[in-house]
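I opened this notebook to keep track of what I looked up, entry by entry. The sequence and the coordinates come first, and my notes follow.

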Amino acid sequence: MNRSDSTGRLWAFNAEKEGLQAEERRLPAPGTGEILIANEYVTLCRSDLKTYAGARKEKNPTILGHEVSGRIVDMGPGAPEKDERGAPLRLGDRLTWAVFASAPGSAMDERGMPQKAADLFKYGHEQLTPQSAWHGGLATHTLLRRHTPIVKVADAVPVKVAALINCAVATMAGGMRLAGAVSGKRVLISGGGTLGMFACAMAREAGAAEVCLADPKSARLEWGRRFGASQGLEPEQVAGLEVDVVLETSGVPSAMESGLKALQTGGVAIWVGAVFPQPAVKVDAEQVIRRLLTIRGLHNYNREDLVRAVTFVEDHHHQYPMAALVEEEYDLSAVPAAFDCGIKQSPFRVGVKI
Ligand SMILES: [Zn+2]
């Protein structure tokens with residue numbers, strides 16, 4: 001298939017100059033090991049909103065958007081024939097892909113952290129140049145680079161939900177991996193955003209005895225019940241809890257501190273929310289030692305987490321209102337309005353239909 005004569009559209013984001021600018025560019029012919037994707041749907045993650053608002057710095061200019069799914073339209077020579085689950089890849093298949101590409105077998109990959117490898121390529125975060133584009137979701141196409149973990153997504157999964165997989169759901173799948181078995185345990189989910197909702201559902205499905213969601217907004221606690229939370233709490237009530245696991249998604253220092261206080265002996269806190277600059281958290285070392293606590297941080301996820309995220313969504317999208325998390329929707333032509341909506345209204349997610 002020769003697409004060299006066709007063009008696509010993308011939104012360049014320059015934090016220091018003009019902000020978002022629409023561009024039309026010639027589409028690339030995929031090179032060795034590459035796959036060209038027609039993006040179907042993008043959801044704006046909180047990181048995208050923070051970058052847009054100037055609270056996070058990325059390479060400049062870039063193409064934002066890394067919560068995205070799409071379909072294969074062209075495959076380069078030596079493109080992967082199978083996905084991470086061993087399913088054959090064909091034109092037209094709907095895919096999700098990791099936010100990272102890095103060569104298998106690196107020292108970091110061997111340690112289960114391919115998202116931190118030295119040769120990391122990161123979708124939605126790379127420098128946009130005349131030679132290098134199609135690496136962010138806010139565009140008609142994505143060029144999947146060599147060594148990108150890819151997973152086919154069943155067509156039964158709503159397209160909005162498919163988009164959520166490669167940031168929110170996969171990150172939470174990684175959080176659950178680090179938390180270990182939660183069956184029969186009391187789990188606190190700190191923060192009722194998109195990650196928090198998936199955390200509730202995953203803890204519930206993993207057999208947690210109690211799933212407590214803490215968030216200052218009562219509407220979010222109500223949403224939590226729809227995602228399997230057994231209890232909803234104001235942040236001030238967390239101090240009185242006794243739990244075995246904390247999944248911290250809010251990134252609020254006081255929430256991280258009160259989550260640690262709620263942990264019982266042998267408890268584990270997983271921190272995934274604080275991915276932007278903020279004040280330091282106060283940790284009582286004596287309490288960490290005497291109560292044998294573990295604190296683990298997670299940024300992004302690995303291949304195994306992505307696979308688990310897809311399987312979780314395929315197995316449970318009928319049970320939980322995942323598509324309803326995309327509360328607002330815009331067309332690709334209206335991306336600046338989509339960002340403004342995300343920042344002003346703070347829905348779970350704003351969707352962008354391609
Ligand atoms: Zn994200």
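In which loop is the place of histidine 147? I found histidine 147 in the loop between strand S8 (141-144) and strand S9 (150-152). I had gone to that residue for its backbone, since histidine 147 has a positive phi of about 65° although it is not a glycine. I note here that I am working with a predicted model, and I read every entry below with that in mind.

Entry on the peptide bonds. I looked up the bond that joins asparagine 60 and proline 61, and I recorded it as a cis peptide bond with an omega of about -10°. Proline 61 has its place in the loop between H1 and S4.

Entry on the metal. I asked which residues coordinate the zinc ion, and the donors I wrote down are Cys45 through SG, His66 through NE2 and Cys167 through SG, at 2.0 to 2.2 Å. Along the sequence, the spacing of these donor residues reads C-x20-H-x100-C. Histidine 66 and cysteine 167 link distant parts of the chain, being 101 residues apart, with histidine 66 in the loop between H1 and strand S4 (67-75) and cysteine 167 in helix H3 (residues 159-179).

Entry on charged pairs. I counted 17 salt bridges in the structure, and I followed up the one between glutamate 40 and arginine 71, where the closest N and O atoms are 3.1 Å apart. This pair, too, links distant parts of the chain, for glutamate 40 sits in strand S3 (residues 35-44) and arginine 71 in strand S4, 31 residues apart.

Entry on the domains. The domain assignment of the protein gives domain 1 as 7-152 + 322-353 and domain 2 as 175-297, and I noted a separation of 29 Å between their C-alpha centres. Where the domains meet, 13 residues of domain 1 are in contact with 15 residues of domain 2, and the two bury about 1100 Å² between them, with 60% of it on carbon and sulfur atoms. In domain 1, the residues that lose the most area to domain 2 are Arg46, Leu325 and Phe348, which together account for 47% of what that side buries.

Entry on polar links across the interface. How many salt bridges does the rule find between domain 1 and domain 2? I recorded zero salt bridges across that interface, whereas the count of residue pairs in polar contact between the two domains is seven. Helix H1 (residues 46-53) gives the most to the side of domain 1 that touches domain 2, with three residues. By character, I divided the residues of that side into six nonpolar, two polar and five charged.

How values were computed: Residues are numbered from 1 along each chain as its sequence is written. This is a predicted model: local features need pLDDT of at least 70, side-chain atom pairs count only at pLDDT 80 or more; totals for chains, interfaces and linings use all residues. Side-chain values use heavy atoms; hydrogens and water are left out. Domain bounds come from an automatic or database domain assignment. Contact means heavy atoms within 4.5 Å. Buried area is the accessible area (1.4 Å probe) that two parts lose on being put together, summed over both. A salt bridge is a side-chain nitrogen of Lys or Arg within 4 Å of a carboxyl oxygen of Asp or Glu. A polar contact is a pair of N or O atoms within 3.5 Å; within protein, one must be able to donate a hydrogen and the other to accept it, and residues adjacent in sequence count only if both atoms are side-chain atoms. Helices (H or I, at least four residues) and strands (E, at least two) are DSSP runs, numbered from the N terminus. Ala, Val, Leu, Ile, Met, Phe, Trp, Tyr, Cys and Pro count as nonpolar, Asp, Glu, Lys and Arg as charged, and the others, Gly among them, as polar. Donors are N, O and S atoms within 2.8 Å of the metal (3.2 Å for Na, K and Ca); water is not among the atoms, so sites may look incomplete.
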